[in-house]
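Hi,

Here is the structure I promised to send over. Have a look at it first, and then read on for what turned up.

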Amino acid sequence: GTVPGLQGRQREVFESVEREFEDLYNKYLKGSGLKDMEHRSMLMMLLSIATYRILNDEIADPALVRDVIRTNQGSMMLALLLP
């Protein structure tokens with residue numbers, strides 16, 4: 001379902017997460033030379049951090065933010081990280 005307080009603002013919040021991810025990527029990963037598994041792991045970590053930062057500012061409920069991240073990124077992380 002929709003997270004309380006984000007009704008009708010999903011696109012705006014998604015774009016904020018995207019911008020935060022891009023900033024983190026440029027700061028920590030771009031040009032790092034990481035390959036394969038390490039690169040994918042860093043991408044997922046940066047996406048999780050970006051999502052946490054933006055959602056925590058939006059809904060100010062760390063437990064709910066962690067649940068959203070687990071629900072929406074958990075299966076994607078397993079698919080990318082497991083051989």
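Let's start with one residue: is Val17 buried or exposed? Val17 is buried, because its relative accessible area is 12%, and the cut-off for buried is under 20%. You'll find Val17 in helix 1. Leaving out residues up to four places away in sequence, Val17 touches Leu47, Ala50, Thr51 and Ile54. There is also a pairing with Arg53 to look at: Val17 and Arg53 are 36 residues apart in sequence, yet their C-alpha atoms are 8.1 Å apart in space.

Before going further, a word on what you are looking at. This is a predicted model. The mean pLDDT of the protein is 86, and 89% of its residues reach 70 or more. Confidence is highest in helix 1, at a mean of 94, and lowest in helix 3, at 79. Where pLDDT is low, the predicted coordinates should not be read in detail.

Now the overall picture. The protein has 3 helices and 0 strands, so from the N terminus on the elements simply run α-α-α. Of its 83 residues, 24% count as buried. If you take the contacts with a separation of 6 or more, 60% of them come from residues 24 or more positions apart.

The part I'd open in the viewer next is the packing of helix 1 (residues 10–28) on helix 2 (residues 36–59): their axes are 8 Å apart and the angle is about 135°. That angle is why helix 1 counts as oblique to helix 2. The crossing of the two is right-handed. On the helix 1 side, the contact is made by Val13, Ser16, Val17, Glu20, Phe21, Leu24, Tyr25 and Tyr28. Helix 2 brings His39, Met42, Leu43, Leu46, Leu47, Ile49, Ala50, Thr51, Arg53, Ile54, Leu55 and Glu58 to it. Sorted by class, this contact has 14 nonpolar, 3 polar and 3 charged residues. The four residues listed above as touching Val17, namely Leu47, Ala50, Thr51 and Ile54, appear on the helix 2 side of that list.

What about helix 3 (62–81)? Met76 is found there. Met76 counts as partly exposed, because its relative accessibility is 34%, between the cut-offs of 20% and 50%. Setting aside its neighbours within four places in sequence, Met76 is in contact with Met44 and Leu47. Met76 and Met44 are 32 residues apart in sequence and 8.8 Å apart in space, C-alpha to C-alpha. Leu47 is worth clicking on, since Val17 of helix 1 touches Leu47 and Met76 is in contact with Leu47 too.

Two backbone oddities to finish. Which value does phi of Asp36 take? Phi is near 45° there, which is positive in a residue other than glycine. Asp36 belongs to helix 2, and it is exposed, with a relative accessible area of 60%. Ala60 also has a positive phi, near 50°, and is likewise not a glycine. Ala60 sits in the loop between helix 2 and helix 3. Ala60 counts as exposed because its relative accessibility is 61%, and the cut-off for exposed is over 50%.

Cheers

Definitions and conventions
Residues numbered from 1 in each chain as written. Predicted model: local features only at pLDDT ≥ 70, side-chain atom pairs only at ≥ 80, totals over all residues. Heavy atoms only, no water. Axes fitted to C-alpha atoms, helices over the stretch in contact; angles between N-to-C directions. Helix = DSSP H or I, 4+ residues; strand = E, 2+ residues; numbered from the N terminus. Parallel < 35°, antiparallel > 145°, perpendicular 65-115°, else oblique. Left-handed = near helix turned anticlockwise from the far one by under 90°. Contact = heavy atoms within 4.5 Å. Nonpolar A, V, L, I, M, F, W, Y, C, P; charged D, E, K, R; others polar. Buried < 20%, exposed > 50% of the residue type's maximum accessible area, 1.4 Å probe, protein only. pLDDT = per-residue confidence, 0-100.
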